[in-house]
Number of protein chains: 6
Amino acid sequence: MIRCDGRTNKEMRSVKITRGFIKYAEGSVLVEVGDTKVICTASIEERVPLFLKGQEKGWVTAEYGMLPRATGERNPREAVRGRSGRTYEIQRLVGRALRSVVNLESLGERTVWIDCDVIQADGGTRTSAITGAFVALVDAIGAIFPSGASLKHKAFPVVDYIAAISIGKVNGTIMLDLNFEEDSRASVDMNVVMTGCGQLVEIQGTAEGDPFTKGELGEMLNMAEVGIADLIHMQKEVLGELGERIGH
Amino acid sequence: MIRCDGRTNKEMRSVKITRGFIKYAEGSVLVEVGDTKVICTASIEERVPLFLKGQEKGWVTAEYGMLPRATGERNPREAVRGRSGRTYEIQRLVGRALRSVVNLESLGERTVWIDCDVIQADGGTRTSAITGAFVALVDAIGAIFPSGASLKHKAFPVVDYIAAISIGKVNGTIMLDLNFEEDSRASVDMNVVMTGCGQLVEIQGTAEGDPFTKGELGEMLNMAEVGIADLIHMQKEVLGELGERIGH
Amino acid sequence: MIRCDGRTNKEMRSVKITRGFIKYAEGSVLVEVGDTKVICTASIEERVPLFLKGQEKGWVTAEYGMLPRATGERNPREAVRGRSGRTYEIQRLVGRALRSVVNLESLGERTVWIDCDVIQADGGTRTSAITGAFVALVDAIGAIFPSGASLKHKAFPVVDYIAAISIGKVNGTIMLDLNFEEDSRASVDMNVVMTGCGQLVEIQGTAEGDPFTKGELGEMLNMAEVGIADLIHMQKEVLGELGERIGH
Amino acid sequence: MIRCDGRTNKEMRSVKITRGFIKYAEGSVLVEVGDTKVICTASIEERVPLFLKGQEKGWVTAEYGMLPRATGERNPREAVRGRSGRTYEIQRLVGRALRSVVNLESLGERTVWIDCDVIQADGGTRTSAITGAFVALVDAIGAIFPSGASLKHKAFPVVDYIAAISIGKVNGTIMLDLNFEEDSRASVDMNVVMTGCGQLVEIQGTAEGDPFTKGELGEMLNMAEVGIADLIHMQKEVLGELGERIGH
Amino acid sequence: MIRCDGRTNKEMRSVKITRGFIKYAEGSVLVEVGDTKVICTASIEERVPLFLKGQEKGWVTAEYGMLPRATGERNPREAVRGRSGRTYEIQRLVGRALRSVVNLESLGERTVWIDCDVIQADGGTRTSAITGAFVALVDAIGAIFPSGASLKHKAFPVVDYIAAISIGKVNGTIMLDLNFEEDSRASVDMNVVMTGCGQLVEIQGTAEGDPFTKGELGEMLNMAEVGIADLIHMQKEVLGELGERIGH
Amino acid sequence: MIRCDGRTNKEMRSVKITRGFIKYAEGSVLVEVGDTKVICTASIEERVPLFLKGQEKGWVTAEYGMLPRATGERNPREAVRGRSGRTYEIQRLVGRALRSVVNLESLGERTVWIDCDVIQADGGTRTSAITGAFVALVDAIGAIFPSGASLKHKAFPVVDYIAAISIGKVNGTIMLDLNFEEDSRASVDMNVVMTGCGQLVEIQGTAEGDPFTKGELGEMLNMAEVGIADLIHMQKEVLGELGERIGH
């Protein structure tokens with residue numbers, strides 16, 4: 001079976017990661033996955049939230065937004081109607097995922113603010129946000145821990161790569177990296193976040209229509225594993241030398 | 001290994017479901033899972049949200065709250081500080097889970113409002129809410145589709161049982177149904193929602209500390225499967241005759 | 001004239017006060033007055049509001065809430081629509097009433113948060129809240145001023161009992177302790193708060209339909225006096241030994 | 001005992017009611033009680049709130065505000081910090097009081113909006129608001145029910161006069177019409193609303209410090225009765241011929 | 001051409017400035033320009049906003065409000081619906097204008113809060129607010145820098161007079177000081193703020209209908225210049241001796 | 001005098017307008033003025049705001065936003081802290097400017113929503129937004145009034161070009177098109193909006209420090225006139241054939 005954009009079921013859309021997209025941010029990326037485009041920035045703030053004060057640890061937190069016309073129909077701004085439940089869910093997911101590969105002790109008493117702003121949405125915005133924000137995060141942390149500097153805890157605070165992808169079941173077929181049209185017809189929708197070591201950080205699977213079996217879950221996980229390995233390969237290429245500091 | 005409350009790793013806390021807990025609601029339940037206590041009500045409203053108008057379908061939606069002193073330290077009311085991201089996430093999960101076992105066409109143009117209010121919280125509030133709210137939902141739908149009445153679509157709108165449980169990895173050991181103390185030390189936290197047929201409706205697994213392997217995921221799923229089967233057995237006992245209409 | 005639930009005009013509904021209802025709170029009570037059920041908790045916070053800082057005095061404040069389905073028709077949550085004028089009015093009343101029997105100097109620089117959450121509402125929720133919250137308050141203060149401990153100001157901070165009841169005029173007849181159905185038909189609605197010494201702390205009388213005379217006001221006050229004496233008798237029984245510290 | 005402004009205990013401050021204070025409003029009044037100054041307007045809207053739709057009845061509702069510098073220290077605007085509990089309480093009181101002397105059926109399907117805005121506050125703002133708003137209300141209703149017109153229900157919708165006053169206990173002495181300085185030292189604070197026939201519409205008495213006896217309550221009521229009769233006398237003088245339509 | 005109220009095109013409405021209108025405020029004014037009436041108060045707060053802390057400078061900030069019935073139709077309160085964009089625009093303008101004639105270093109670490117509350121609106125409320133608020137500002141600053149006191153920076157903090165007026169183009173004719181009816185028909189609407197020295201502090205011109213030429217802009221500016229000189233003349237008369245300290 | 005980026009005082013930064021930047025919007029543009037980058041979209045909604053209902057006229061409205069990291073320091077999202085006064089001011093300005101060149105009768109009963117989202121801010125964001133949004137607006141209106149279609153009112157609804165630019169006085173020198181660094185040092189800041197015919201639509205000049213003379217105002221206007229003519233020339237080039245329909 002061939003998909004409407006000509007892909008096979010196991011095929012990802014073309015991915016492009018542009019570093020240094022916004023001149024002011026310590027780290028910034030434009031990530032494009034097919035027609036989905038997300039600006040990810042990482043900003044350093046030299047203090048931590050109240051609940052961490054005095055613990056000699058840092059924090060990584062994320063916010064997610066979407067321009068009103070990122071979608072087929074215009075959506076009212078969240079500055080007008082308030083943030084939706086979906087927005088809260090996504091930004092919690094992104095923050096949690098990135099924190100899982102950062103050694104907060106090594107980071108020191110500072111916060112990395114991740115902002116993911118979708119300027120065009122064609123499915124997979126939350127997984128693209130994680131994949132892109134990771135690169136912005138490494139850039140920002142690289143900027144405050146310049147190579148050669150003696151690190152307090154002797155290690156670069158980013159301990160592994162991380163990326164995310166969606167998988168779904170559409171018309172009874174399991175497919176990788178759904179676009180918006182496929183996503184809206186999917187009976188099962190799953191997002192998987194994995195590290196460079198191939199371990200799971202987050203798995204969220206939802207039956208929108210019919211429930212699914214453990215066998216199908218396994219099949220989806222396998223497909224995600226291959227896709228995420230490809231994404232991490234791209235992250236490595238884009239980060240180049242800086243990437244070599246990860247985990248050391 | 002024995003847990004602090006004397007349970008084995010595969011053992012659930014004691015569960016009690018009390019039907020008819022609030023006299024005004026079409027369906028209402030007090031669900032107790034160990035020291036976690038949630039009041040679940042199901043209310044019928046004879047209209048649907050705007051986006052469903054005129055489609056001859058119903059809707060099921062859920063809201064979640066917690067009394068300020070349900071926890072060890074008092075939390076400010078959400079009427080004061082606004083609803084948190086966590087609240088949005090949970091109520092979206094509960095609504096999605098219950099909709100997955102309701103035939104919205106059979107329900108007709110009406111909304112079932114599910115309210116889950118935690119009066120005492122000792123871990124597992126979201127999964128307990130799903131397990132309890134299902135019983136309240138069946139009661140409410142039973143009240144508007146009295147047995148013997150000729151149904152428009154010839155079938156009772158509830159098509160299967162549904163229940164949920166948490167599993168986690170604490171000190172390297174996988175355990176069923178974490179209480180608050182265990183949950184706060186867990187390195188992996190997973191919630192699973194399954195139907196009476198043993199199929200998955202939702203799986204949400206998060207590495208709070210270290211990532212986890214596909215093997216561990218499988219082990220957790222197996223443990224969840226057994227626990228949920230037990231919970232659905234209790235739901236059947238509590239619902240008695242009314243439960244026999246489910247799926248017919 | 002006999003009322004629809006068989007009571008005489010001067011008769012209160014059955015009252016039940018259950019101490020220790022929520023395991024985490026310093027003081028907690030389930031108060032039931034007929035079908036009205038309110039969870040009252042008292043939480044100690046070891047600091048005072050800004051306006052009292054450095055004055056060596058404590059504070060008692062109250063918040064009031066209602067589960068969405070505590071009533072015949074579901075009410076939207078205040079976390080969604082904001083707190084109503086009615087809520088503000090009630091929580092101010094409850095706080096004021098309880099403060100009138102607490103010696104704030106003896107309490108020391110700490111705040112007692114009273115939370116009254118109605119889980120089922122059949123009239124008289126604000127007066128039941130006061131009657132129940134008093135018991136929770138005594139329990140919480142008892143916990144931080146254990147018997148035998150030498151108190152800073154040499155006296156237990158609670159100086160007298162306090163309870164409240166409603167009276168109204170329905171179909172031209174004056175009645176004690178209105179339920180919801182009577183309340184909705186009442187032409188006069190009055191709430192009275194009195195101390196163990198039989199003195200007035202608060203009186204709020206409102207003509208919903210026709211105005212009332214000074215004679216009727218007197219008659220209502222007399223009825224309230226007897227009812228409150230009965231309530232305080234129950235509080236004494238429930239508090240037992242701890243109650244003996246009040247006023248000493 | 002003579003009060004700081006030279007009044008005796010039973011003496012009211014000087015009162016001035018200026019009709020037609022705002023040129024656009026159907027009814028408008030500047031009411032001055034001592035240094036307390038409130039602008040009261042009554043606006044007619046030709047529709048009723050949702051809950052009254054189709055019932056052939058009108059509605060009277062009130063809102064209350066205070067300029068930031070009406071008081072000794074500047075208060076933040078409620079447009080900035082949200083309306084306080086005190087504001088809700090007062091506007092509910094004002095609305096309830098005025099509705100008690102309006103025949104809502106005679107009014108027809110329209111709403112009278114009462115706005116009471118305090119421009120200078122020296123105690124007694126809520127009672128002054130009621131006394132002044134009544135005159136604005138009569139003016140507005142007079143404008144839509146011109147004399148000589150055949151009224152649908154054959155009667156002028158305003159059925160009686162209404163006014164309000166405060167009484168309190170300061171340093172053990174009961175006094176009429178407290179100013180701000182007296183109010184802040186009062187141990188009992190009471191507001192009474194009465195009709196032209198001398199009947200009670202609202203009584204709200206609060207012990208700020210020590211509780212009070214039934215005897216003191218009676219004494220305060222008597223003092224209020226005389227004061228309100230004086231206020232209604234002034235309302236009659238100010239309204240002149242238009243006032244003669246009240247109750248007919 | 002004669003205007004509906006009998007004025008010529010270059011003629012301002014009658015202006016009245018009443019000092020000391022609110023007894024509590026350090027400075028307060030009722031400014032009346034035709035039927036437009038604005039209460040302006042100036043309040044001193046002995047601290048500065050966060051962004052100025054420790055810089056040994058003061059701040060002047062303004063807020064603007066309108067009573068609900070200041071206009072022909074009742075407007076909902078901003079405490080209910082939130083502040084409008086128009087309100088934000090006006091209060092930013094008023095604050096900016098007044099700051100331009102205050103030496104913030106001389107003022108010292110304190111804030112002057114300007115409140116402009118429109119009680120009756122007939123066009124030109126923002127310009128009237130500036131003209132009136134200036135007088136209140138001088139009174140408030142005069143109160144904290146009493147004549148004869150040795151000033152820290154040796155100069156009175158107010159360095160020049162300031163006033164504002166509107167000009168517009170109605171039916172092809174340029175006119176000074178539009179009232180509401182003229183304003184609603186104007187094709188060009190301009191507000192000009194000028195100092196006692198005749199220099200520009202703010203110019204805001206908007207084509208509501210047809211664009212305008214540079215020549216018309218010049219004509220409008222000339223008309224504004226004359227009007228503002230008249231207003232400043234009145235401010236001088238009203239301020240009397242206190243005004244002589246301005247700029248010295 | 002040469003500016004820090006090498007420009008002369010009368011020289012604009014390089015400008016780039018990219019049409020069709022967002023695939024879903026009826027009209028969309030990325031406008032770049034030096035390092036300032038704004039995404040402008042125009043969305044058609046087939047209904048008008050309440051206040052225009054039934055008047056056979058359309059509406060053009062604008063909203064403005066800024067990504068948190070568009071600036072040197074991260075700004076909190078307006079979805080979190082609410083929209084600022086500055087945001088309200090800018091979006092009102094953009095809407096007003098664009099409406100001045102649209103024949104709302106010809107547009108018919110529909111709304112054009114303009115969204116201007118700044119992704120990188122280096123001064124002049126509001127003027128760049130107007131210049132770019134105009135092109136998006138023409139594209140969107142072109143899409144619903146395709147060339148050749150017989151128009152209801154026989155004319156293309158866009159009647160003239162419009163663009164905007166800033167001018168300021170920095171260190172005593174008047175300069176065109178200030179960047180952020182210049183803007184923060186400017187003593188006078190002016191924004192001018194002009195049509196293709198060279199007429200004024202809006203002029204907003206503010207003395208941030210010292211007031212300015214009428215002569216300086218004239219000099220700034222002349223500079224703006226030349227700059228805007230250049231911008232409109234670029235708009236014409238970018239719009240090509242579609243631009244020829246404007247005004248016909």
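Chain E and chain F bury about 2,600 Å² between them, with carbon and sulfur atoms giving 54% of that area. On the side of chain E, the residues that lose the most area to chain F are Glu89(E), Leu200(E) and Lys214(E), which together account for 22% of what that side buries. Please keep in mind that this is a predicted model. With that said, let us walk through this contact and then turn to the one between chain F and chain A.

**Chain E with chain F**

Start with the symmetry. A turn of 180 degrees, with a shift of 0.0 Å along the axis, lays chain E on chain F with an RMSD of 0.0 Å. That is the relation of a two-fold axis. Of the residues of chain E, Gln204(E) comes closest to this rotation axis, its C-alpha lying at 2.2 Å.

The contact draws 26 residues from chain E and 26 residues from chain F. Because 100% of the interface residues of chain E are also interface residues in chain F, the copies meet through the same surface.

Charged and polar partners are worth a look here. The interface of chain E and chain F holds 4 salt bridges. In one of them, Lys214(F) pairs with Glu225(E), and the closest N and O atoms are 2.9 Å apart. Polar contacts across this interface come to 14 residue pairs, both residues at pLDDT 80 or more.

Which elements of chain E give two or more residues to the side that touches chain F? They are helix H2 (85-99), strand E8 (186-195), strand E9 (200-207) and helix H6 (214-239). E9(E) gives the most, with 8 residues. By class, that side of chain E has 10 nonpolar, 8 polar and 8 charged residues.

Strand E9(E) also pairs across the interface: 5 bridges join E9(E) to strand E9 (residues 200-207) of chain F, and the two run antiparallel. Within this pairing, Glu202(E) has Thr206(F) of E9(F) as its bridge partner.

**Chain F with chain A**

Chain F superposes on chain A by a rotation of 180 degrees with 0.0 Å of shift along its axis, at an RMSD of 0.0 Å. In chain F, the C-alpha nearest this axis belongs to Ala79(F), 1.8 Å from it.

Here 34 residues of chain F and 34 residues of chain A take part in the contact. Again a reason can be given for how the copies meet: 100% of the interface residues of chain F are also interface residues in chain A, so the copies meet through the same surface.

Across the interface of chain F and chain A there are 16 salt bridges. One of these links the side chains of Lys23(A) and Asp122(F), at 4.0 Å from N to O. Polar contact is found for 22 residue pairs, both residues at pLDDT 80 or more.

The side of chain F that touches chain A takes at least two residues from each of strand E3 (36-45), strand E4 (59-66), helix H1 (78-81) and strand E5 (111-120). E5(F) gives the most, with 6 residues. The residues of that side divide into 16 nonpolar, 6 polar and 12 charged.

**The two contacts in a table**

| Chains | Buried area | Carbon and sulfur share |
|---|---|---|
| Chain E and chain F | about 2,600 Å² | 54% |
| Chain F and chain A | about 2,800 Å² | 51% |

Methods. Residues numbered from 1 in each chain as written. Chains lettered and ligands numbered in written order. Predicted model: local features only at pLDDT ≥ 70, side-chain atom pairs only at ≥ 80, totals over all residues. Heavy atoms only, no water. Least-squares fit on C-alpha atoms with pLDDT ≥ 70 in both. Contact = heavy atoms within 4.5 Å. Buried area = accessible area lost by both parts, 1.4 Å probe. Polar contact = N/O pair within 3.5 Å; in protein donor to acceptor, adjacent residues only side chain to side chain. Helix = DSSP H or I, 4+ residues; strand = E, 2+ residues; numbered from the N terminus. Nonpolar A, V, L, I, M, F, W, Y, C, P; charged D, E, K, R; others polar. Pairing = 2+ DSSP bridges.
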